[in-house]
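Work through the exercises below with the sequence and the model open. Each task is followed by a solution in steps.

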Amino acid sequence: MKRKPFIAGNWKLNNTIAEAEELIQGLLPRVGAVEDVDVVVAPSFLSLSAVVDSARGSAVQVYAQNMHEKDSGAFTGEVSAPQLVDIDVQGVILGHSERRQYFGETDRALQLKVPRALEAGLIPILCVGETEEEREQGDTERRLRHQVQEGLEKVPVSELHRVVVAYEPVWAIGTGLAATTEQAQETCGFVRALVQGFDKEAGNAVRVLYGGSLKPDNAAELLSQPDIDGALVGGASLDAESFGAIVKAAQGS
Ligand SMILES: O=C[C@H](O)COP(=O)(O)O
């Protein structure tokens, strides 16, 4: 099945508003008119509005890096799905390993966040991945099964195809040590099979991304794999030329 490639840049905790504007202005001439790849940038909350305004009318979509599962209430410091929709954000990264590792994000919370994002009209990118220790102990599949099953459990089958799943081995994030092409393909294939376990057609339609030290020089090979439909890019998304080169690699994949 032909799936539309999907390249997302996670800007993480980087850039002032002025720097974010500079980055999107650098990206627009490179990727602003790309129609055959879904191109996404995810700035920090404070820069979201500015980047949404700059990207308006282009093909670049703007996502948030997190959201709370409740729409409103006494949840100091949080941001909700309706608030993101209100400023024309189109999707949200959920369950990134840094949120799991440093901010106590749980599979239980994700079980609520993923369907809430969909209901609100946002595309969720559900992030999953094993630590180095889990891989060494042969626990990768068990960990991924748990993360995918909890994360998608409350998503209606009719909505499942809209979810994007990002496989990011924690040991490959920001380390310069990407998974090998074989490891990435095999594990993304396993993730797809887990989604197919909910619904065969949805599993065929879902975009599965690879993330972890993906750069312009390894992008084409990773993106050419049958079960890798795109990438969640950290470091290399902070440079317009690098990110542009990765989108180009996806166009040829
Ligand atoms: O969200 C993106 C990933 O954490 C990958 O980050 P990285 O490309 O800097 O390794």
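**Exercise 1. Find the residue of E7 that stands opposite Tyr 167, then place E7 among its paired strands.**

Step 1. The residue opposite Tyr 167 is Tyr 210 in E7. Strand names such as E7 refer to DSSP runs numbered from the N terminus, with helices (H or I) of at least four residues and strands (E) of at least two. The model is a predicted one, in which local features need pLDDT of at least 70, side-chain atom pairs count only at pLDDT 80 or more, and totals for chains, interfaces and linings use all residues. Residues are numbered from 1 along each chain as its sequence is written.

Step 2. Strand E6 (residues 164–167) pairs with E7 in the parallel sense, over four bridges. Two strands pair if DSSP finds at least two bridges between them.

Step 3. E7 and strand E8 (residues 230–233) also run parallel, joined by three bridges. Leu 209 stands opposite Gly 230 in E8, and the bridge partner of Gly 211 in E8 is Leu 232. From E7 the chain passes through helix H10 (residues 216–223) to E8, a right-handed β-α-β crossover. Right-handed is meant as follows: with the strands pointing away from the viewer, the path from the first strand over the helix to the second runs clockwise.

Step 4. E8 pairs with E1 as well, in the parallel sense and over four bridges. Here Val 233 in E8 is the bridge partner of Gly 9.

**Exercise 2. Decide whether the two faces of E7 are covered or open, and do the same for E8.**

Step 1. Apply the burial criterion: a residue is buried if 20 or more other C-beta atoms lie within 10 Å of its own, exposed if 12 or fewer, and partly exposed in between, with C-beta atoms placed from the backbone.

Step 2. In a regular strand the side chains alternate between the two faces of the sheet. In E7, Arg 207, Leu 209 and Gly 211 lie on one side, Val 208 and Tyr 210 on the other, and all are buried. Five of the five residues of E7 (residues 207–211) are buried, so the strand is largely enclosed by the rest of the structure.

Step 3. In E8, Gly 230 and Leu 232 point one way, Ala 231 and Val 233 the other way, and all are buried.

**Exercise 3. List the residues with the most contacts inside the largest nonpolar core, and give the contacts of Ala 231.**

Step 1. A nonpolar core is a set of buried Ala, Val, Leu, Ile, Met, Phe, Trp, Tyr and Cys residues joined through C-beta atoms within 7 Å. The largest one has 75 residues, and those with the most contacts inside it are Ile 7, Ala 8, Val 165, Val 191, Leu 209, Ala 231 and Ile 246.

Step 2. Two residues are in contact if their C-beta atoms, placed from the backbone, lie within 7 Å. Leaving aside neighbours within four places in sequence, Ala 231 is in contact with Ile 7, Leu 209, Tyr 210, Gly 211, Leu 214, Ala 219, Leu 223 and Ile 246.

**Exercise 4. Which residues does the UniProt annotation "binding site" cover, and are Asn 10 and Gly 235 buried or partly exposed?**

Step 1. According to the unreviewed UniProt entry, the annotation covers Asn 10, Trp 11, Lys 12, Gly 174, Ser 213, Gly 234 and Gly 235. They span 226 residues in sequence, yet no two of their C-alpha atoms are more than 14.2 Å apart, so they gather at one spot. UniProt positions are given in the numbering used here, feature names are shortened, and annotations may be inferred rather than shown by experiment.

Step 2. Asn 10 is in strand E1 (residues 6–10) and counts as buried, with 26 C-beta neighbours inside 10 Å. Not counting residues up to four places away in sequence, the residues that Asn 10 touches include Ala 42, Gln 65, Leu 232 and Gly 234.

Step 3. Gly 235 lies in the loop between E8 and helix H11 (240–251). With 17 C-beta neighbours inside 10 Å, Gly 235 counts as partly exposed.
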